[in-house]
There are 2 protein chains.
Amino acid sequence: MTTRQTLDFLLHDWLQVEALCARERFAEHSRETFDAVLDTCERLAREKFAPFNRLVDTEEPRFDGERVHLPQATHDALRAYAASGMLAASQDAAWGGLQLPCVVEKAGNAFFSQACISMGAYAMLTTGNARLLLAHGTPRQQQVFAAREFAGDWFGTMCLSEPQAGSSLGDIATRATPDGEGFADDPLGPRYRLVGHKMWISGGEHELTPNIVHLVLAKIPGADGKLVPGVKGISLFIVPKWKVDADGELTGERNDVALAGLNHKLGYRGTTNTLLNFGERGGAIGYRVGAPGEGLACMFHMMNEARIGVGLGATMLAAAGYEASLAYARERTQGRAVGSTGKDAASPPARLIEHADVRRMLLAQKAIVEGGLALALYCARLVDEQQSGAPEAAAEAGLLLEMLTPVAKSWPSEWGLEANSLAIQVLGGYGYTRDFPVEQHWRDNRLNMIHEGTHGIQGLDLLGRKAVMQGGQGLKLLAHRIDATLTRALGEPRFAEHANALARALQRLGAATRAAWATSDPVRALANATPYLQAFGHTVLAWLWLDVGLAALRQAAGTPATAGRLAALDYFMRYELPKTDAWLRVVEARDTTCLDVPEDAF
Amino acid sequence: MTTRQTLDFLLHDWLQVEALCARERFAEHSRETFDAVLDTCERLAREKFAPFNRLVDTEEPRFDGERVHLPQATHDALRAYAASGMLAASQDAAWGGLQLPCVVEKAGNAFFSQACISMGAYAMLTTGNARLLLAHGTPRQQQVFAAREFAGDWFGTMCLSEPQAGSSLGDIATRATPDGEGFADDPLGPRYRLVGHKMWISGGEHELTPNIVHLVLAKIPGADGKLVPGVKGISLFIVPKWKVDADGELTGERNDVALAGLNHKLGYRGTTNTLLNFGERGGAIGYRVGAPGEGLACMFHMMNEARIGVGLGATMLAAAGYEASLAYARERTQGRAVGSTGKDAASPPARLIEHADVRRMLLAQKAIVEGGLALALYCARLVDEQQSGAPEAAAEAGLLLEMLTPVAKSWPSEWGLEANSLAIQVLGGYGYTRDFPVEQHWRDNRLNMIHEGTHGIQGLDLLGRKAVMQGGQGLKLLAHRIDATLTRALGEPRFAEHANALARALQRLGAATRAAWATSDPVRALANATPYLQAFGHTVLAWLWLDVGLAALRQAAGTPATAGRLAALDYFMRYELPKTDAWLRVVEARDTTCLDVPEDAF
């Protein structure tokens with residue numbers, strides 16, 4: 001199936017997104033407008049992004065001492081993206097937005113991630129930046145910065161990490177001090193001077209737009225001149241690359257933000273990634289967003305959607321690899337498939353897709369790709385429910401989203417990477433060369449387990465926070481949703497095997513959660529947070545696949561699309577879900593094998 | 001533990017290799033000479049290979065239209081390697097060899113694979129090539145070609161694959177026709193003219209040595225001018241890059257072998273990899289080795305050792321990543337470890353190694369690296385037994401080696417890659433940059449599941465051939481060896497848990513093997529050969545780890561080295577071995593989910 005076919009099925013036959021059009025916010029929309037958005041995204045991705053995916057890998061961003069140069073294709077692609085209106089796709093019409101549901105916005109963006117994820121990153125960052133300002137900025141900050149970002153006039157960044165502080169944002173050392181006596185009266189917001197270093201800043205320097213809007217986390221020193229330890233001391237600031245006047249017009253003067261270096265990455269090379277120095281010449285002008293000390297809370301407001309976006313990107317890289325390896329396997333011949341009477345060397349060679357193990361590698365990819373898409377769209381639909389649903393449903397969606405976000409980010413990052421490795425394997429030696437696209441997908445995808453919260457951080461978030469928040473209400477809600485699917489599945493003889501397997505996995509997951517926390521000692525409870533994350537992810541995916549399978553069964557039975565979805569469901573239940581036992585074993589036992597190793601014994 | 005400490009322990013405390021010195025072939029050797037070899041290899045690898053690992057990745061082989069250029073460092077490193085005598089390390093003294101046991105030779109070569117695997121590849125290919133000639137060539141072929149290769153004067157290649165035929169060698173189309181009337185009387189062997197294309201030829205073109213000895217598989221047409229289908233028609237030929245006279249002196253005339261192109265790879269870039277055209281100008285001169293039609297049999301004579309070598313290489317790449325990530329985790333600080341009372345933001349940051357999940361990622365790498373080394377050395381020791389043991393023991397070793405070779409090749413290729421991914425993860429964002437070595441290890445290692453028989457091919461070999469050869473004798477022998485370890489382990493209370501787990505896994509593996517073949521239909525039996533390979537591999541590794549653990553326990557208890565080995569054993573038994581259940585499930589069920597998918601449903 002093509003990505004478009006899968007998206008259409010998931011959006012309409014599974015998630016029934018057209019029903020959203022009954023809500024006031026989406027009243028202007030219909031299946032037709034949704035389709036038109038997907039059509040546009042698919043076409044733009046095909047014409048402006050996909051043809052240049054290798055080019056932006058080969059021609060890395062280059063700094064000539066003054067400017068960072070990107071291929072012309074990147075300029076063209078992002079200009080076309082901005083012109084499509086997708087930067088403001090889900091925003092109010094008042095902001096030039098299309099008022100699309102989040103779930104449709106994500107579906108549209110899926111095409112760009114599949115075509116060239118590293119060019120798409122500039123747009124995702126810009127949208128995220130602007131939306132954060134809509135949530136927490138002043139009206140003037142929104143008009144000056146967010147509006148220009150939604151229009152694609154300026155691009156944005158997120159400046160969180162520092163060379164010494166990545167996962168541990170509480171340790172950031174960038175200082176923001178009030179800029180003079182009247183600092184509080186600047187029309188653009190309380191004005192500070194920032195001094196510090198920011199690392200891993202994607203889109204941190206380029207000439208794509210005449211200005212760059214950095215959103216920067218920094219600490220305001222206390223009266224004693226010291227920084228407050230931990231995340232509570234963190235505030236958020238807008239730091240434009242070029243200074244602007246009160247109306248946001250460029251003054252022609254450079255702000256005190258300098259490129260200290262480009263990072264040279266394994267993949268994702270189409271996105272400039274930088275070390276930025278703030279305040280080499282006295283302090284970069286920054287305008288505070290939100291209250292002092294609320295910086296991380298403001299940033300986390302966008303975290304769920306950002307993490308869904310990372311997961312969706314990982315899934316679409318897997319989709320790109322699946323498509324390439326499937327096309328190759330349909331054409332390329334090699335050897336003969338095992339037959340009941342052995343192999344006949346004189347017979348014509350078989351196509352790769354006729355070999356059992358190649359079929360396994362393709363079906364595994366399909367299960368990952370379409371499962372990952374289902375996960376991302378389900379979560380995006382929860383965002384819509386949270387934002388435009390009735391109060392009770394909105395609250396429930398919010399709770400479930402909190403629960404699922406670590407999975408939405410981590411599962412595709414881990415398994416999408418595995419899918420990309422399988423795509424290489426299908427192509428064999430050719431897959432290992434740069435003449436085929438699959439090795440780049442694999443390199444690009446390796447980032448996704450690292451950025452936006454590492455895999456380990458996701459595990460701690462899930463088992464340490466989400467599984468126990470509100471006395472376990474999130475977990476109960478999830479179990480309730482899974483039960484609803486199980487009830488329907490048990491009515492289908494075709495699915496009895498799968499429903500029983502999922503019910504058992506869910507029960508064991510609950511037991512493992514309780515066992516982990518049985519002694520209330522976080523050290524032992526969280527010693528195996530990552531295996532827990534893996535088991536949790538596989539259980540969620542098994543549930544979504546079963547639910548998707550039910551929708552497929554409602555479709556015309558016997559079509560290739562339905563047969564494919566049911567096969568992928570079968571695969572996931574039979575080959576993947578059983579892996580959860582091994583992961584949960586150590587969680588249940590509160591196994592401390594790894595904790596107990598003396599450090600000099602490694 | 002350093003690689004050297006692990007090698008010393010495995011060679012002496014576990015495998016007792018010094019006992020080999022009682023055999024006539026190794027009578028000149030002792031612990032001291034073995035140590036001296038390892039000392040030399042370790043030093044050469046540190047001085048001549050490791051410093052240039054990134055350089056050979058960055059400065060890929062370059063073709064100027066006439067010559068292929070490699071960095072000077074590659075010339076220097078390989079000259080030093082040749083001067084050390086390691087090219088002939090295990091050969092008779094008459095060939096300038098050191099008459100080292102295979103197990104010590106492999107241990108010595110481990111350092112080079114860890115330091116710079118892609119430079120080491122030229123040497124491995126040359127040794128393998130020359131040894132094949134010792135086994136199957138005429139005395140003159142041995143003197144002219146093999147002797148020069150052992151001395152490092154000429155390097156060698158293995159030319160098997162063709163653009164259309166990789167896994168399926170039976171489909172090669174390179175033709176070898178007798179070169180004139182007196183073709184049979186050439187002093188260098190029956191002389192043919194070869195015409196065809198050979199793909200993926202490592203070391204296929206370079207200026208490292210004044211000649212290159214290609215060993216080429218080709219088919220001799222029948223009387224009807226047609227090639228025999230399948231592998232039975234394949235013969236083996238020596239095709240020198242530059243022509244030689246009867247004494248092997250260069251005539252100054254180029255043979256008809258031309259570089260058609262360099263392959264541009266994801267990793268392993270220090271090894272030239274080529275497409276070669278044979279016979280563009282009428283036919284390349286080639287001298288047949290062995291009988292017509294025996295080409296693949298000759299080649300396979302070297303296959304076990306080559307596959308052990310691939311597995312060892314994959315393990316040593318994992319070792320390189322482990323070492324780098326361990327050093328980083330000991331130094332780099334980030335956040336605070338989870339404590340019983342939560343985290344204190346005002347406390348100094350913890351080093352990475354204090355975090356539970358980082359410890360898990362380090363211990364997993366240690367279990368893979370040291371387990372992979374144990375596997376490679378165990379198999380190498382079997383080679384020694386096969387070659388210099390008493391007849392019965394030699395036969396038994398040969399049978400066990402047949403059984404274990406697919407595992408020795410595939411297990412480190414799959415899990416060494418996973419170890420390299422964990423190393424990246426430990427370094428986080430830094431690990432994703434080219435400023436640190438771990439991303440290159442991961443790229444380099446991705447090749448190992450592809451070359452020398454893909455992962456899928458190894459699975460078919462194991463379940464389709466090895467598990468059923470001689471009525472299952474190989475499997476029985478392995479089970480017998482595992483039982484011997486279990487018996488000893490059951491006497492150690494510390495190991496009772498592990499012995500029981502392994503006994504259960506072994507039993508299930510046997511049952512799955514029988515279940516797979518229960519219907520005698522190879523289509524269904526082999527439908528899940530790769531999951532079988534994975535389960536088999538993990539079971540073998542669990543056995544070896546338990547056996548290594550027993551040796552560790554005999555050592556001074558309470559030392560860091562012993563504590564580390566026991567922890568890695570615990571890790572493998574508790575976190576890894578349980579994964580076999582999920583893999584065997586589909587084997588036992590003869591699951592045809594993947595086989596059954598209609599092709600248009602993907």
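Colleague: Which residue comes after α1(A), and what is its phi like?
Modeller: In this predicted model, α1(A) is followed by A:Q16, which has a positive phi, near 50°. A helix here is a DSSP run of H or I with at least four residues, numbered from the N terminus. Residues count from 1 along each chain as its sequence is written, and chains are lettered from A in the order in which they are written. As the model is predicted, local features need pLDDT of at least 70 and side-chain atom pairs pLDDT 80 or more, while totals for chains, interfaces and linings use all residues, and side-chain values use heavy atoms, without hydrogens or water.

Colleague: How many residues of α1 in chain A are buried?
Modeller: The helix spans residues 3-14 of chain A, and 10 of its 12 residues are buried, so it is largely enclosed by the rest of the structure. Buried means under 20% relative accessible area with a 1.4 Å probe, protein chains only. Among the buried ones are A:F9, A:L10, A:L11 and A:W14, but also A:R4 and A:D8.

Colleague: What do they pack against?
Modeller: The buried residues of α1(A) pack against several helices of chain A, including α2 (31-49), α5 (102-136) and α17 (560-576), where contact means heavy atoms within 4.5 Å.

Colleague: New topic: what turn lays chain A on chain B?
Modeller: A turn of 180° with a shift of 0.0 Å along the axis does it, giving an RMSD of 0.0 Å, with least-squares superposition on C-alpha atoms of residues with pLDDT of at least 70 in both copies. That is how a two-fold axis relates copies.

Colleague: Which C-alpha of chain A is nearest the axis?
Modeller: The C-alpha of A:K579 is, at 3.2 Å from the axis. The same surface serves both copies, with 100% of the contact residues of chain A recurring in chain B.

Definitions and conventions
Buried means under 20% relative accessible area, exposed over 50%, partly exposed in between (1.4 Å probe, protein chains only). Helices (H or I, at least four residues) and strands (E, at least two) are DSSP runs, numbered from the N terminus.
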